[in-house]
Amino acid sequence: MTVDEFNTCVDMYADNLYRFILKNTKDTDKAKDIVQDTYEKLWLKVSDVHSTNAKSYMFTTAYRTMIDRFRSEKKQERLEDSHMYLHSHTKSYSDLKEILNDAVSKLPEIQRSVIMLRDYEGYNYEEIGEITGLNESQVKVYIFRARKFLKNYIGSMEAVI
């Protein structure tokens, strides 16, 4: 891959990559860091990655970087998170997008990732399998379970509105 091809990849995929990571992390700074790390890793491998495989390489690298970040953070308890529930209050939702985002955030990590790749980013099952390291049937099962959970969580539209 040439420098021009690298710059083209950054221009073409930066927004999609950031949006995918942001939906999973719910933290803009963390998402920016992961995207930056992804482009750094791509730059270090620029001679090994072909421009036709760059999108898949970037999403796979970003996904794995995000998972590594989640695992390392699980080992550390943040003080503000442990006391957050004490100061929270119940509020009623009127925004459907907010309700859907809340429902998606309650999914297990792997289900959230595959549903985001499929329904938000438009990847097919095979591409999702390559990004996540799962086989195609596992991807289908996780997507099915995630959609079933979302359907049960949200319920009927009359109850939401």
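**Figure 1. How confident the predictor is along the protein chain.** This is a predicted model, and its pLDDT averages 81 over the protein chain. Of the residues, 84% score at least 70. Residues 85-89 are another story: pLDDT stays under 50 there, and the model gives this stretch zero contacts beyond four places in sequence.

**Figure 2. The protein chain, helix after helix.** Walk along from the N terminus and you meet α-α-α-α-α-α-α-α-α-α. That comes to ten helices and zero strands. The protein chain has 161 residues, and 34% of them count as buried. Take the contacts between residues at least 6 apart in sequence: 67% of these join residues at least 24 apart. On the outside, the protein chain exposes about 10,400 Å², with carbon and sulfur atoms supplying 50% of that area.

**Figure 3. Inside the largest nonpolar core.** This core has 37 residues, and the members that touch the most others are M1, I21 and Y39. Two or more residues apiece come from α1 (3-25), α2 (28-44), α3 (54-74), α6 (96-105), α7 (109-120), α8 (125-132) and α9 (136-154). The largest share belongs to α3, which puts in eight residues. As a general rule, nonpolar side chains in soluble globular proteins tend to be buried together.

**Figure 4. A closer look at I21 and its contacts.** I21 is one of the core residues that touch the most other members. Set aside its neighbours within four places in sequence, and I21 is in contact with A31, I34, V35, A62, Y63 and M66.

**Figure 5. Where α6 and α7 cross.** The axes of these two helices come within 10 Å and cross at roughly 140°. An angle over 145 degrees would count as roughly antiparallel, so with a crossing of roughly 140° α6 and α7 are oblique to each other. On the α6 side, the contact is made by L100, N101, V104 and S105, while α7 brings R112, M116 and Y120. Both helices also give two or more residues to the largest nonpolar core.

**Figure 6. K26, in the loop between α1 and α2.** What is the sign of phi at K26? Phi of K26 is near 60°, a positive value in a residue other than glycine. Is K26 buried, exposed or partly exposed? Partly exposed is how K26 counts, because its relative accessible area is 45%, and that class sits between the cut-offs of 20% and 50%.

Key:
Residues are numbered from 1 along each chain as its sequence is written. This is a predicted model: local features need pLDDT of at least 70, side-chain atom pairs count only at pLDDT 80 or more; totals for chains, interfaces and linings use all residues. Side-chain values use heavy atoms; hydrogens and water are left out. Helices (H or I, at least four residues) and strands (E, at least two) are DSSP runs, numbered from the N terminus. Buried means under 20% relative accessible area, exposed over 50%, partly exposed in between (1.4 Å probe, protein chains only). Contact means heavy atoms within 4.5 Å. Accessible areas come from the Shrake-Rupley method with a 1.4 Å probe; for residues, only the protein chains shown count as cover. A nonpolar core is a set of buried Ala, Val, Leu, Ile, Met, Phe, Trp, Tyr and Cys residues joined through side-chain atoms within 4.5 Å. pLDDT is the predictor's confidence in each residue, from 0 to 100. Axes are lines fitted to C-alpha atoms, for helices over the stretch in contact, and angles run from 0 to 180 degrees between N-to-C directions. Angles under 35 degrees count as roughly parallel, over 145 as roughly antiparallel, 65 to 115 as roughly perpendicular and the rest as oblique.
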